[in-house]
Amino acid sequence: MFITILFIFTLNFSNTANAQCPNAFTFDEKNLCADLKWEAAEVQIGEELMSPVLNIGSPLPFNTYLSKVWVQIWEQGDSQRVLLFPVGLRIVPYMTMLDGMHHDAFASLTVDKDKGVELSQMKFDMMEGCWYITLQAEGLFHMIKILNYSNLNDEENFEQQMFCEICTSNAPKPDNETDSGQGQHNH
Ligand SMILES: [Cu+2]
């Protein structure tokens, strides 16, 4: 019950207070914001879906989706949101797991000066864990939680979030953590 209340509070907080700067972080002594713009996932056979898609493992290989997202970074307080591409900042898919085996995952990166950094070819496979997009550098480990998989219903998405609540406590020195819900919540 406590976890449920905490979860709902976190969602509401992220919808309002963080609207201007969905993911605040500091890099190279600059206060920056990041946001995720999900794109249609790539699939060779099967129906088209928006990213993020959680690959639930059956029937393989037909329902394996490769998720795709634009990551946009700008300076806090810049209402124009002029895109920045900080040198030395790594943008990496990441998973925290129940068994403590936290790990990076592959993404193919493309830079577009008008759209940001695109991460594609991301294979979010279902495990006993929680997927993130992380911003990494020396002294920085900012985790953006992935919410609302397009192929899961509310109850299944909630179950995935429970892994986030449980698995993240022993993640490597996170400076903070935010949600990538982007107003897609159903309440
Ligand atoms: Cu994993």
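Trainee: In what order do the 5 strands of the open sheet lie?

Mentor: This is a predicted model. Its open sheet of 5 strands shows antiparallel pairing. Strands S1 (23-27) and S6 (108-112) form the edges, since each pairs on one side only. Neighbouring strands are turned by 30 degrees against each other on average, direction ignored. Read across the sheet, the order is S1-S2-S3-S7-S6.

Trainee: In the pairing of S6 with S7, which residue is the bridge partner of Leu109?

Mentor: Strands of a sheet pair through backbone hydrogen bonds, either parallel or antiparallel. S6 and strand S7 (residues 116-122) pair in the antiparallel sense over 5 bridges, and they form a hairpin with 3 residues between them. One bridge joins Thr110 to Glu118 in S7. For Leu109, the partner in S7 is Leu119.

Trainee: How many of the 5 residues of S6 are buried?

Mentor: A residue counts as buried if 20 or more other C-beta atoms lie within 10 Å of its own. S6 is an edge strand that pairs on one side only, and S6 is hardly covered. The count of its buried residues is 0.

Trainee: What percentage of the 187 residues of the protein count as buried?

Mentor: The protein has 2 helices and 10 strands. Along the sequence they follow the pattern α-β-β-β-β-β-β-β-β-β-α-β. Of the 187 residues, the share that counts as buried is 29%.

Trainee: Which strand supplies the largest share of the largest nonpolar core?

Mentor: In soluble globular proteins, nonpolar side chains tend to be buried together. The largest nonpolar core here has 33 residues, of which Ala34, Val71, Tyr132 and Ile133 touch the most other members. Among the elements that each supply at least two residues are strand S2 (30-38), strand S3 (67-75) and helix H2 (154-167). The largest share, 5 residues, comes from S8.

Trainee: With which residues is Ile133 in contact, leaving aside its neighbours within four places in sequence?

Mentor: Ile133 is one of the core residues that touch the most other members. In the protein, residues 24 or more positions apart account for 66% of the contacts with a separation of 6 or more. The contacts of Ile133 are Leu36, Val69, Val71, Ile91, Pro93, Ile144 and Ile146.

Trainee: Is Cys130 buried or exposed?

Mentor: Cys130 lies in strand S8. Apart from residues up to four places away in sequence, Cys130 touches Met95, Thr96, Lys145, Phe163, Cys164, Cys167 and Thr168. Because 24 other C-beta atoms lie within 10 Å, Cys130 is buried.

Trainee: What distance separates the C-alpha atoms of Cys130 and Cys167?

Mentor: Cys167 is among the residues that Cys130 touches. Along the chain, Cys130 and Cys167 are 37 residues apart. Their C-alpha atoms are separated by 7.0 Å.

Trainee: Which residues of H2 are buried, and what arc do they cover around the axis?

Mentor: H2 has 14 residues and reaches 20 Å from its first C-alpha to its last, close to the 20 Å expected at 1.5 Å a residue. Its buried residues are Gln160, Gln161, Cys164 and Cys167. They lie on the same side of H2, because the arc they cover around the axis is only 130 degrees.

Trainee: Which residues are exposed on the other side of H2?

Mentor: An α-helix has 3.6 residues a turn, so residues three or four places apart point the same way. The buried residues of H2 include Gln160 and Cys164. On the other side of H2, the exposed residues are Asp154, Glu155, Phe158 and Glu159.

Conventions. Residues numbered from 1 in each chain as written. Predicted model: local features only at pLDDT ≥ 70, side-chain atom pairs only at ≥ 80, totals over all residues. Pairing = 2+ DSSP bridges. Helix = DSSP H or I, 4+ residues; strand = E, 2+ residues; numbered from the N terminus. Axes fitted to C-alpha atoms, helices over the stretch in contact; angles between N-to-C directions. Buried ≥ 20, exposed ≤ 12 C-beta atoms within 10 Å, placed from the backbone. Contact = placed C-beta atoms within 7 Å. Core = buried A, V, L, I, M, F, W, Y, C linked by C-beta atoms within 7 Å. Expected span 1.5 Å × (residues − 1). Arc of directions from axis to C-beta.
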